[in-house]
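Please open the structure in your viewer and keep the sequence panel beside it. The tour below proposes a series of selections and says what is to be found at each.

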Amino acid sequence: LSIHGEPIHEIYERVRTMRAGDAMSELPVTVAADDDVDTAVNKLVIHQIDHLPVVRPDGVPIGMLTRHDLLALLL
């Protein structure tokens, strides 16, 4: 099997030695702890993402908000 002509085993070998910092998003979309749920939902939809780091006013992360969390509110 291959992806874009590169064998999967070669991709795996290259990727498995990477560090988390090499694969992370440098400018993640975040939500403030006191933002309303509508703001969070809009960010998830607009940016087509499933997880939002929740941050304090100084930008320090304090949690993670997911689509699953928001769906659970509806049930």
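**First stop: a salt bridge**

With a relative accessible area of 26%, Glu 6 is partly exposed, a class that lies between buried (under 20% relative accessible area) and exposed (over 50%), with a 1.4 Å probe and protein chains only. This is a predicted model, in which local features need pLDDT of at least 70 and side-chain atom pairs count only at pLDDT 80 or more, while totals for chains, interfaces and linings use all residues. Residues are numbered from 1 along each chain as its sequence is written, and side-chain values use heavy atoms, with hydrogens and water left out.

Add Arg 14 to the selection: Glu 6 forms a salt bridge with Arg 14, and the closest N and O atoms are 2.8 Å apart. The term stands for a side-chain nitrogen of Lys or Arg within 4 Å of a carboxyl oxygen of Asp or Glu. Arg 14 is partly exposed as well, at a relative accessible area of 44%.

**Further salt bridges**

The structure holds 4 salt bridges, and two others can be visited now. Select Glu 13 and Arg 16, whose side chains meet in a salt bridge at 3.1 Å, N to O; these residues are 3 apart in helix α1 (residues 8–16) and are therefore separated by about one helical turn. Helices are DSSP runs of H or I with at least four residues, strands are runs of E with at least two, and the numbering starts from the N terminus. Glu 13 counts as partly exposed at 39% relative accessibility, and so does Arg 16 at 49%.

Then move to Arg 56 and Asp 58, where the side chains meet in a salt bridge at 2.7 Å, N to O. Here Arg 56 counts as partly exposed, with 38% relative accessibility, whereas Asp 58 counts as exposed, with 53%.

**The sheet**

Switch to a cartoon view and select β3, β4 and β5: the 3 strands form an open sheet in the order β3-β4-β5, with mixed pairing. β3 and β5 (61–66) stand at the edges with a single partner strand each, so one side of each is left without a neighbour in the sheet. Two strands pair if DSSP finds at least two bridges between them. In general, strands of a sheet pair through backbone hydrogen bonds, either parallel or antiparallel.

β3 and β4 run parallel and are joined by 2 bridges; to see one of the contacts, select Ala 32, whose bridge partner in β4 is Val 55. Strand β4 (residues 51–55) and β5 run antiparallel, with 5 bridges joining them. On this side Val 55 stands opposite Pro 61 in β5, and Leu 52 stands opposite Leu 65 in β5. Is β4 enclosed or open to its surroundings? Of its 5 residues 4 are buried, so β4 is largely enclosed by the rest of the structure.

**Positive phi angles**

Next, select Gly 59 in the hairpin of β4 and β5, which has 5 residues between the strands; this glycine takes a positive phi near 90°. Most residues other than glycine have a negative phi, which makes the next two selections worth a look. His 4, in the loop between β1 (2–3) and β2 (6–7), has a positive phi near 50°, and His 4 is exposed, with a relative accessible area of 85%. Gln 48, in the loop between α3 and β4, likewise has a positive phi near 50°, and Gln 48 is exposed at 71%.

**Surface patches**

Finally, show the surface and select Val 37, Val 41, Val 45 and Leu 73, which make a nonpolar patch of about 350 Å². Patches consist of residues with over 30% relative accessible area and no salt bridge, where like charges are joined within 9 Å and nonpolar side chains (Val, Leu, Ile, Met, Phe, Trp, Tyr) within 5 Å; accessible areas come from the Shrake-Rupley method with a 1.4 Å probe, and for residues only the protein chains shown count as cover. Helix α3 gives the most to the nonpolar patch, with 3 residues. Val 41 is found in α3 and counts as partly exposed at 32% relative accessibility.

The last selection is Asp 34, Asp 35, Asp 36 and Asp 38, which form a negative surface patch. Lys and Arg count as positive and Asp and Glu as negative, without His and the chain ends, and the place of a charge is taken as NZ of Lys, CZ of Arg, CG of Asp or CD of Glu. Asp 35 lies in the loop between β3 (31–32) and α3 (37–47), and counts as partly exposed at 32% relative accessibility.
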